[in-house]
Number of protein chains: 2
Amino acid sequence: MTAKLTVGYIGLGLMGKPIARNILNTGFPLVVHNRSRAAVDELVALGAKKAYSPKEVAAQVDIVFTNLPDSPDVELAALGPDGIFEGAHEGLIFVDNSTIKPASARHIAEKLGEVGVTCLDAPVSGGDIGAQKGTLAIMVGGPADALEKALPVFDAIGKSITHVGESGAGQVAKCANQIMVAAQMVAMGELIVFAQKAGADPQKVVQAIQGGAAQCWTLDVKPERLFAGNRQPGFKAHMQDKDLGIVMETARKYGIPLPTTAVNTQLFDAMLEMGMGDLDNSAVIGVLESLANSQLVVD
Amino acid sequence: MTAKLTVGYIGLGLMGKPIARNILNTGFPLVVHNRSRAAVDELVALGAKKAYSPKEVAAQVDIVFTNLPDSPDVELAALGPDGIFEGAHEGLIFVDNSTIKPASARHIAEKLGEVGVTCLDAPVSGGDIGAQKGTLAIMVGGPADALEKALPVFDAIGKSITHVGESGAGQVAKCANQIMVAAQMVAMGELIVFAQKAGADPQKVVQAIQGGAAQCWTLDVKPERLFAGNRQPGFKAHMQDKDLGIVMETARKYGIPLPTTAVNTQLFDAMLEMGMGDLDNSAVIGVLESLANSQLVVD
């Protein structure tokens, strides 16, 4: 790659804004668009160029990124009026950092393919801290040669970039990630409530088990915050719940019974109904406390 | 502690035999008993003294250990005919390395307390490999001063010894451990079957997620064996299922709803019914494959 890639970034939210900033700071010419304009102005002040639609971004860049809340938002930006489809040109690469349905990612890749655009679904994990530090884990689906071209930009935003397969495979990997994360969050809640009600000290129990076969990032990081009475995000429960919705819908589509994830999804659904959607995903323990008529004793 | 403690070990199975050997090799005079005598002869050849009942062991040692399959076995050895109760003497310490019901551990501690015996419930985690290497994690419930006296022997068999509370608390911690381990085993199975059926490469998916928020010992160690077609234990599924039975019975006793562990217990129950009880606990993926009419492609 001799000439510098020109990059577009659409969706400057909690995740998108710091990612876009890292792309800009690494030296790539950047064009940005966002529904709310304050974030656009912020990036423009740092040297980015502003645009007023996904079409307008796509028309003037080599690689266009999106980072939007859910599948319909990405489909609209990609294929809707004034969307990327309308601003497409031969050789354009489209990268979606959102977490959306694998089937949506495949549909978008097929449609944009018709106008010469190559698509990578590239959901991330690592939260807003990872986005700010440029240390995200990125799971990539789509053609390997497109990933190779986009790699200098990926390197600016993530520390672990894994090509997991064809279009949609990145989203499948993100689903797999959320299956395990939800299982650990719920199991942590169950075991802490269990320990307390069955007459042991939950903090000592966690300490006793976190170095053995139960070891996980969740048990390494989250109990300390829970025991201090801190249930603030981190990763918001309503985002976890949205991602689990994608998992379960995809499971139905492909005929994959997921008994434990089905239960975990229900518990996150309940968490939202109980008004705890803006808390951390580890705060799902609140649903279990409610079921057990119990409350975690905090330090 | 100036005089060398004399130790007794009852139950020389997959876990008990290597633990007893480590105690003997560390230099403690050891008296052993086991229903099947071959293991007794083996330890005697290494320098142990044999006995013919728990009572006979208890009568001549400072600390007596048990390591038996389930709650009724330990209750029988502790409180039954020719049991530890009958051989008890003031100052004797009873340590149970088995995984049994917290309520059983508390009952035994109360009864043996009446004849001057102090009890520690001290279930272990780390498997037969940990038992052989003397690197077990030991979760201890019971009086702190008894643990202090027994500590030189614990040091001979484990690398992490955590005092989690009063009688029964060690068993509660073991339950907590099994809640998390079962959740991870089932979630790993679900995510691998999901990845394959939804059109991604399961090995690449595991690689993409094992360094992030989903990180756990289970994902670090088990997928490699599954992808190589190896479902041999490790930790046998019927032991995992037995431990989950203890968890669920204890949960009912103390009024603790455990929605995700209930489902995971059912899946391990199904695994046993399907004839897979002697396989590794990670082989619970077989139940999910069956539900999804899918089979993991192995290398």
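In the predicted model, helix α1(A) passes helix α8(A) in a right-handed crossing. The two helices, which span residues 16-25 and residues 144-157 of chain A respectively, pack with their axes 8 Å apart and at an angle of about 120 degrees, and α1(A) and α8(A) are therefore oblique to each other. On the side of α1(A), the contact is formed by Ile19(A), Asn22(A) and Ile23(A), which meet Val153(A), Ala156(A) and Ile157(A) in α8(A). Classified by residue type, this contact of α1(A) with α8(A) comprises five nonpolar residues and one polar residue, with no charged residues.

A further helix pair is found in chain A, where α12 (residues 237-254) and α13 (residues 259-273) pack at an angle of about 145 degrees, their axes being 9 Å apart. The crossing of α12(A) and α13(A) is left-handed. Residues of α12(A) that take part in the contact include Ala237(A), Leu244(A), Val247(A) and Met248(A), while those of α13(A) include Thr261(A), Phe268(A), Met271(A) and Leu272(A). Eight nonpolar, five polar and two charged residues make up the contact of α12(A) with α13(A), the aspartates Asp241(A) and Asp269(A) being among the residues involved.

With regard to the arrangement of the chains, a turn of 180 degrees combined with a shift of 0.0 Å along the axis lays chain A on chain B with an RMSD of 0.0 Å, and that is the relation of a two-fold axis. Within chain A, the residue that comes closest to the rotation axis is Cys216(A), whose C-alpha lies at 1.9 Å. Of the interface residues of chain A, 98% are also interface residues in chain B, so the copies meet through the same surface.

Conventions
Residues are numbered from 1 along each chain as its sequence is written. Chains are lettered from A and ligands numbered from 1 in the order in which they are written. This is a predicted model: local features need pLDDT of at least 70, side-chain atom pairs count only at pLDDT 80 or more; totals for chains, interfaces and linings use all residues. Side-chain values use heavy atoms; hydrogens and water are left out. Axes are lines fitted to C-alpha atoms, for helices over the stretch in contact, and angles run from 0 to 180 degrees between N-to-C directions. Helices (H or I, at least four residues) and strands (E, at least two) are DSSP runs, numbered from the N terminus. A crossing is left-handed if the near helix is turned anticlockwise from the far one by less than a right angle, and right-handed if clockwise. Contact means heavy atoms within 4.5 Å. Ala, Val, Leu, Ile, Met, Phe, Trp, Tyr, Cys and Pro count as nonpolar, Asp, Glu, Lys and Arg as charged, and the others, Gly among them, as polar. Angles under 35 degrees count as roughly parallel, over 145 as roughly antiparallel, 65 to 115 as roughly perpendicular and the rest as oblique. Copies are superposed by least squares on the C-alpha atoms of residues with pLDDT of at least 70 in both.
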